[in-house]
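Biologist: I am new to this structure and would love a close look at a single part. Could you walk me through one of its sheets and what surrounds it?

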Amino acid sequence: MKLKGHQIIVFGLPRFDSTIESTNYTTARLLARENKVYYVENPFTVRDYFKLRKGPEFKVRKNHLSVWSGKLIDTDTPNLKIIIPPLLLSINFLPESGFFRSILKINESMIRRKLRTIIKAHNIKDYIFINSFNFHYPTLVNGLSPALTVYHCLDPMILPFNQRHGVVSEDILVRKSDVVICSSRALYLEKKQFNPKSYFVPNAADVTHSSKALRPELPVFPKLLKIKKPIIGYLGAIERRIDYDLLKEVITHNADKSFVFVGPVAKEFVPDWFFTAPNVFFLGAIDYADMPAVIKGFDVALIPFKKDEVSSSIFPLKLFEYLGAGKPVVAIDFNPDLKEFTEDIVPFCTDAQGFTAAIEEALATDSKALQSRRLAIAAENTWEKRVDTIADIIFQNLKPA
């Protein structure tokens, strides 16, 4: 990593104490290997306060919410500190308008005031500001004068909550940032039209964690032990991205196999047949710590995302998590970028017949040699390597002192 000894403020969406590993926080943590990093999590709103004020999340943060507080929260990483932003007005329900933008500026000014307090209290100078996919606050850095502004674009705009104002806000953010780093080539090609300093750095995986599945002493996740083998498994959100039409044909024609889906279910996107198929099993959401034990119980791991304009911009973390656990992976050819990073070890299928054939082949031909190849590919696609690339891009774009 060429970027060393700098001070970096990372403004992300996930909470620092979330049980789910996130690209945003992982990037901040790994940048802190060689730099002093301050992670600003997504602010609580007044509405959040009334919903969460008695819960553990709020108790951890309640003494840090004042815009005049210069206190930081320590982490297990010595060079990584947490900044808790102040409570903000709840405004996302408003329609896109000049009025919304005016109220948004009030919210941004409150975060900015807090950051100025922290910057002064901790003598933060010549810092780099990274907006890690928190496009909701596109002009936050106005008046803060960082040495470099970076927007880390991690996904296409999918959720209605984000689309309401996010399309306009992200456009502002892309245009005004010094550097834009995108997690897929489709996003890179889109953003490059508006900011020539755009780069493609794909997602990766915490292979150190997923490879725990290879440990003989690690037990398989208990709920999987009750399910008939072979287990064809998917780990992740069960929502709009999944190609249920293709899966219906695959699942129906493979009655001898158990299809297990592990993760939160967005029922509004899931067809009724999916819940009643006799060889489909739902295990619900799990803690990130349980991920290796879950993948260990899979015989074949799936990425069954539908092929559409949205999915072509998705570079799923689970691809290298699966490979890092040594498991055979079968996927739909939803994103052409993925072949470049997996050689020929993952079949990317175009239809249900090919998907079924790929599953059968994976079950029949899995071997130690293939497992070793998967692990070697995963080792080339770790977060450590990706964050080193991001750090080098930032370093190249810093103006000489």
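Modeller: Here is a short tour of one sheet, followed by a glance at another for context. Please keep in mind that this is a predicted model.

Let us begin with the open sheet of eight strands, whose pairing is mixed. Reading across, the order of its strands is S3-S4-S2-S1-S5-S6-S7-S8. Strand S3 (73–74) and strand S8 (198–200) are the edge strands, and each of them pairs on one side only. At the S3 edge, the partner is strand S4, residues 80–83, and the two run antiparallel, joined over two bridges. In this pairing, Ile73 lies opposite Ile82 of S4.

A helix also packs on this sheet: helix H4, made of residues 98–121. H4 touches strand S1 (7–12), strand S2 (36–40), S4 and strand S5 (128–132). The directions of H4 and S4 make an angle of about 140°.

Between S4 and H4 comes a loop, and Leu89 sits in it. Leu89 has a relative accessible area of 39%, so it counts as partly exposed. Together with Val46, Phe50 and Ile106, Leu89 forms a nonpolar patch on the surface, and the accessible area of the four together is about 340 Å².

For context, another open sheet has six strands in the order S11-S10-S9-S12-S13-S14, with parallel pairing. Its edges are strand S11 (280–284) and strand S14 (348–349); each has a single partner strand, so one side of each has no neighbour in the sheet. Within this sheet, strand S9 (residues 231–235) and strand S10 (residues 258–262) run parallel and are joined by five bridges. There, Tyr234 stands opposite Phe261 in S10.

Terms used:
Residues are numbered from 1 along each chain as its sequence is written. This is a predicted model: local features need pLDDT of at least 70, side-chain atom pairs count only at pLDDT 80 or more; totals for chains, interfaces and linings use all residues. Side-chain values use heavy atoms; hydrogens and water are left out. Two strands pair if DSSP finds at least two bridges between them. Helices (H or I, at least four residues) and strands (E, at least two) are DSSP runs, numbered from the N terminus. Contact means heavy atoms within 4.5 Å. Axes are lines fitted to C-alpha atoms, for helices over the stretch in contact, and angles run from 0 to 180 degrees between N-to-C directions. Patches are made of residues with over 30% relative accessible area and no salt bridge: like charges are joined within 9 Å, nonpolar side chains (Val, Leu, Ile, Met, Phe, Trp, Tyr) within 5 Å. Accessible areas come from the Shrake-Rupley method with a 1.4 Å probe; for residues, only the protein chains shown count as cover. A salt bridge is a side-chain nitrogen of Lys or Arg within 4 Å of a carboxyl oxygen of Asp or Glu. Buried means under 20% relative accessible area, exposed over 50%, partly exposed in between (1.4 Å probe, protein chains only).
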